[in-house]
Amino acid sequence: QVHLVESGGGLVQPGGSLRLSCAASGSISSIYATGWYRQAPGKQRELVATITSGGSTNYTDSVKGRFTISRDNAENTVYLQIDNLNTGDTAVYYCKVTGWTPSLGNYYLWGQGTQVTVSS
């Protein structure tokens with residue numbers, strides 16, 4: 001079983017930066033991909049970035065150049081660095097892991113979410 005803890009959200013001024021963390025514990029060897037999603041008020045949840053267990057990354061076009069996803073295998077943590085924040089980035093940010101085990105087959109698990117608010 002995998003447990004996720006997200007952190008790093010907060011209130012930041014436009015142009016500022018934040019680093020979000022998604023720490024995994026438990027059967028982490030079963031995880032083969034981690035994604036960061038966000039959901040703004042009144043909008044659908046959208047994928048912003050993914051990273052595989054091998055380190056391959058992918059970003060949605062709207063965040064390329066400002067968002068960086070990375071992983072620290074020693075800390076079992078995936079990060080989302082967000083630079084040059086703007087009000088359009090205000091949302092609850094969620095991490096989601098996707099994995100496989102012989103007993104479950106493919107599975108996914110969401111974190112609890114962390115609020116990012118960009119405001120002057």
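Strands, in the sense used here, are DSSP runs of at least two residues, numbered from the N terminus. With that in mind, this predicted model can be read along its sequence as the pattern β-β-β-β-β-β-β-β-β-β-β, which amounts to eleven strands and zero helices.

## The chain as a whole

The radius of gyration of the chain is 14 Å, close to the 14 Å that the globule rule gives for 120 residues, so the chain is as compact as a globular protein of that length. Taken along the principal axes, the box that the C-alpha atoms fill is roughly 50 × 25 × 25 Å. Of the 120 residues in the chain, 42% are buried, and the chain exposes about 6400 Å², of which carbon and sulfur atoms supply 47%.

Among the contacts with a separation of 6 or more, 55% join residues that lie 24 or more positions apart. As for charge, the chain carries 8 positive and 7 negative charges, and the mean positions of these two groups are 6 Å apart.

## The nonpolar core

Within the chain, the largest nonpolar core has 28 residues, and those with the most contacts inside this core are Trp36, Phe67, Ile69, Leu80 and Tyr93. The elements that give two or more residues to the core are spread along the sequence, and they include strand E1 (2-7), strand E3 (18-26), strand E4 (31-39) and strand E5 (46-52). Also among these contributors are strand E7 (67-72), strand E8 (77-82), strand E9 (91-101) and strand E11 (114-118).

Phe67 offers a view of the surroundings of one of these core residues. Leaving out residues up to four places away in sequence, Phe67 touches Arg38, Val48, Tyr59 and Asp89, and also Leu80, Gln81, Ile82 and Tyr93. Two of these partners, Leu80 and Tyr93, are themselves listed among the residues with the most contacts inside the core.

## Residues in strands

Ala24 has its place in strand E3 and is buried, since its relative accessible area of 15% is under the 20% cut-off for that class. Not counting residues up to four places away in sequence, Ala24 touches Val2, His3, Leu4, Ile31 and Asn76. The C-alpha atom of Ala24 is separated by 10 Å from that of Cys95, a residue 71 positions away along the chain.

Asp72 lies in strand E7 and counts as partly exposed, with a relative accessibility of 28%. Its contacts, again without residues up to four places away in sequence, are Thr77 and Tyr79. Between the C-alpha atoms of Asp72 and Val92, which are 20 residues apart along the chain, the separation is 23 Å.

Asn58 belongs to strand E6 (residues 57-59), where its relative accessibility of 49% makes it partly exposed. Apart from neighbours within four places in sequence, Asn58 is in contact with Val48, Ala49 and Thr50. The C-alpha atoms of Asn58 and Gly35 are 23 residues apart along the chain and are separated by 9.2 Å.

## Residues in loops

Ser17 is found in the loop between strand E2 (10-12) and E3, and at 38% relative accessibility Ser17 counts as partly exposed. Although Ser17 and Asp83 are 66 residues apart in sequence, their C-alpha atoms are 4.4 Å apart in space. Asp83 is also one of the residues that Ser17 touches, together with Val12, Gln81, Ile82, Asn84 and Leu85, when residues up to four places away in sequence are not counted.

Two asparagines in loops have a positive phi although neither is a glycine. Asn76 has a phi near 55 degrees and sits in the loop between E7 and E8, while Asn84, with a phi of about 50 degrees, sits in the loop between E8 and E9. Each of them has a contact already described, Asn76 with Ala24 and Asn84 with Ser17.

The table below gathers the accessibility of the residues that count as partly exposed.

| Residue | Relative accessibility |
|---|---|
| Ser17 | 38% |
| Asn58 | 49% |
| Asp72 | 28% |
| Asn76 | 32% |
| Asn84 | 47% |

Note on methods:
Residues are numbered from 1 along each chain as its sequence is written. This is a predicted model: local features need pLDDT of at least 70, side-chain atom pairs count only at pLDDT 80 or more; totals for chains, interfaces and linings use all residues. Side-chain values use heavy atoms; hydrogens and water are left out. Helices (H or I, at least four residues) and strands (E, at least two) are DSSP runs, numbered from the N terminus. The radius of gyration is taken over C-alpha atoms; the globule rule is 2.2 Å times the number of residues to the power 0.38. Buried means under 20% relative accessible area, exposed over 50%, partly exposed in between (1.4 Å probe, protein chains only). Contact means heavy atoms within 4.5 Å. Accessible areas come from the Shrake-Rupley method with a 1.4 Å probe; for residues, only the protein chains shown count as cover. Lys and Arg count as positive and Asp and Glu as negative; His and the chain ends are not counted. The place of a charge is taken as NZ of Lys, CZ of Arg, CG of Asp or CD of Glu. A nonpolar core is a set of buried Ala, Val, Leu, Ile, Met, Phe, Trp, Tyr and Cys residues joined through side-chain atoms within 4.5 Å.
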